[in-house]
Amino acid sequence: MRVTRTVKASFWVVAALLLPTHAFGETLLEVYQLASQNDPKFRSIKAEARASGMAVEVARAGFLPTIRYDHEENRTRQQILSSKNPIFGAGVMTFPTFSGTLSVTQPIFRMDVIERFAQAKSVVKQAEYTVLAAEQDLQLRTIAAYLIVLAATDSLALATAEREAVGKLLDVAREKRKAGLGTVTQLYDATARFAVTQAREIEAQNKLRDAHQGLREITGRMIQNVQSLRDDFPLETPSPTAIEPWLESAMDRNLILRARTEAVEVARLEVERQRAGHYPSLNLLVSRNQKDAGSTLFGGGSNVVTTDTILRLTVPIYEGGMTSAVTEEAAHRYQKAQEDAELERRVVERAARAAFDGALNGVNLVQALKQSVVAQASALEAKTEGYKAGLNTLLPVLDAQRDLYLARRDYAQSRYEYLINRLKLKQAAGTLSETDLVGISSALR
């Protein structure tokens, strides 16, 4: 644990040296540092893991002796109403009694304790894998939330630019209509398209506000100043380029799967622990009692010390079927854990395949959409020139402008999805680390 903390501290020192100076919470790495400190989901999982980490100590206690001291103080009041013994006459006496018992119980053989100790080790392993998986999940959620803010910022900028561009065409249509050179149909087309771009801009503003709230949900702070995605960041295909190695890594190294595997082992050992209720138990008991009783009407007081050493063998014979019932219950839960693990394996495999396809084909998709933007820009330019020359109406220009901004939005979105798919693939394969966070940060400016 100390080594891990040292590595993490070194990571943040190096990251800080590599980054330019910004206000806190602007860069991706700074946002992740905030998230690692403030994300409630991650902190909750860590707290649960710390609690589960005590399972070994709790189980070890079953092998150790238990020591107990009991102290009693009694005050007795005796009243003799009549007595045939002439020595004792009627009367009342009150006297105290003090009793102290020190008892030690040392388990010698308890099968349920042995099984519980083995189970506790799997509980701790499961907690460790769960925390590691939560760290990967936090990295992915933070990057995704950050990129969603960038994508929403791009969408708003494009929506605003489109509205302004259509607004200029609307002004042209109005001027031509006033001059008697345009038709009312063209004016209506431009007006309708302008209203659509206004609505799209309002929708983009709402999505950007929600994106900022999504980032705040993780970091606990409102972060307004963010980086932007570089235009020239490298597009890399997954290495290796075959799906099989990635699936093999996912089945072997995926942290959620490892946690599920340990959960299955915990459930299996729970069956053995409950079945251990059929086994006999052997305990050694040593007790020392001192009793100091005051005098009574019938005789003098006493101060007695008693020491007992007991070797107790307990053989369960019948407890109303309780042991068999709880063992069968544990067996059903063991089967459920196995099914849950199988379901998780299928989910991880599907996620790995989808992320691999997204990362592999994402390169071609980004490049294709980039070419689409260039082509749509050329088409808009040609139709605009045709409109100015009177070769076509305003509607084809409006359509070309709409298609251009749609291509720009698709192109921008494809780049963010490509980056997310790269990370999802590594998460599925169990290899996602803070190094990948630095890699994504290098694609930002």
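# Close-up views of a helical model

**Helix H10 has the length that its residue count predicts.** At 1.5 Å a residue, the 36 residues of H10 should span 52 Å, and its end C-alpha atoms are indeed 52 Å apart, so the two values agree. The expected span is 1.5 Å times one less than the number of residues in the helix. Helices here are DSSP runs of H or I with at least four residues, and strands are runs of E with at least two, numbered from the N terminus. Just after H10 comes Gly430, whose phi is positive, near 80 degrees. Most residues other than glycine have a negative phi.

Two notes will help with every view. This is a predicted model, in which local features need pLDDT of at least 70 and side-chain atom pairs count only at pLDDT 80 or more, while totals for chains, interfaces and linings use all residues. Residues are numbered from 1 along each chain as its sequence is written, and side-chain values use heavy atoms, with hydrogens and water left out.

**The largest nonpolar core draws on several helices.** This core has 58 residues, and those with the most contacts inside it are Ile143, Leu147 and Leu394. A nonpolar core is a set of buried Ala, Val, Leu, Ile, Met, Phe, Trp, Tyr and Cys residues joined through side-chain atoms within 4.5 Å. Buried means under 20% relative accessible area, exposed means over 50%, and partly exposed lies in between (1.4 Å probe, protein chains only). At least two residues of the core come from each of H2 (28-38), H5 (111-179), H6 (184-219), H9 (322-388), H10 (394-429) and H11 (434-442). H5 gives the largest share, 17 residues. In general, nonpolar side chains tend to be buried together in soluble globular proteins.

**Ile143 brings together residues from other parts of the chain.** Leaving aside neighbours within four places in sequence, Ile143 is in contact (heavy atoms within 4.5 Å) with Leu28, Ile420, Leu423, Leu437 and Ile440. There is also a second, separate core of 12 residues, including Leu247, Leu257, Phe356 and Ala428.

**Helix H7 packs obliquely against H10.** Which numbers describe such a pair? Two packed helices are described by the angle between their axes and the distance between the axes. For H7 (residues 243-253) and H10, the angle is about 50 degrees and the axes are 7 Å apart. That angle makes H7 oblique to H10. Axes are lines fitted to C-alpha atoms, for helices over the stretch in contact, and angles run from 0 to 180 degrees between N-to-C directions. Angles under 35 degrees count as roughly parallel, over 145 as roughly antiparallel, 65 to 115 as roughly perpendicular and the rest as oblique. Look for Trp246, Ser249, Ala250 and Arg253 in H7, which meet Leu425, Ala428 and Ala429 in H10. This contact has 5 nonpolar, 1 polar and 1 charged residues. Here Ala, Val, Leu, Ile, Met, Phe, Trp, Tyr, Cys and Pro count as nonpolar, Asp, Glu, Lys and Arg as charged, and the others, Gly among them, as polar.

**H7 also meets helix H8 at an oblique angle.** The axes of H7 and H8 (residues 255-275) come within 6 Å and cross at roughly 40 degrees. Ala250, Met251, Asp252 and Arg253 of H7 make the contact with Leu255, Leu257 and Arg258 of H8. By class, these residues are 4 nonpolar, no polar and 3 charged.

**The loop between H6 and H7 holds Leu229 and Pro240.** Is Leu229 buried or exposed? Its relative accessible area is 4%, so Leu229 is buried. Not counting residues up to four places away in sequence, Leu229 touches Leu150, Arg415, Tyr416, Leu419, Ala443, Leu444 and Arg445. Leu229 and Ala412 are 183 residues apart in sequence, with their C-alpha atoms 9.3 Å apart in space. In this loop, the peptide bond from Ser239 to Pro240 is cis, with omega near 5 degrees.

**Ile114 sits in H5 and is partly exposed.** The relative accessible area of Ile114 is 37%. Beyond residues up to four places away in sequence, Ile114 touches Phe63 and Phe109. Ile114 and Met93 are 21 residues apart along the chain, and their C-alpha atoms are separated by 54 Å.
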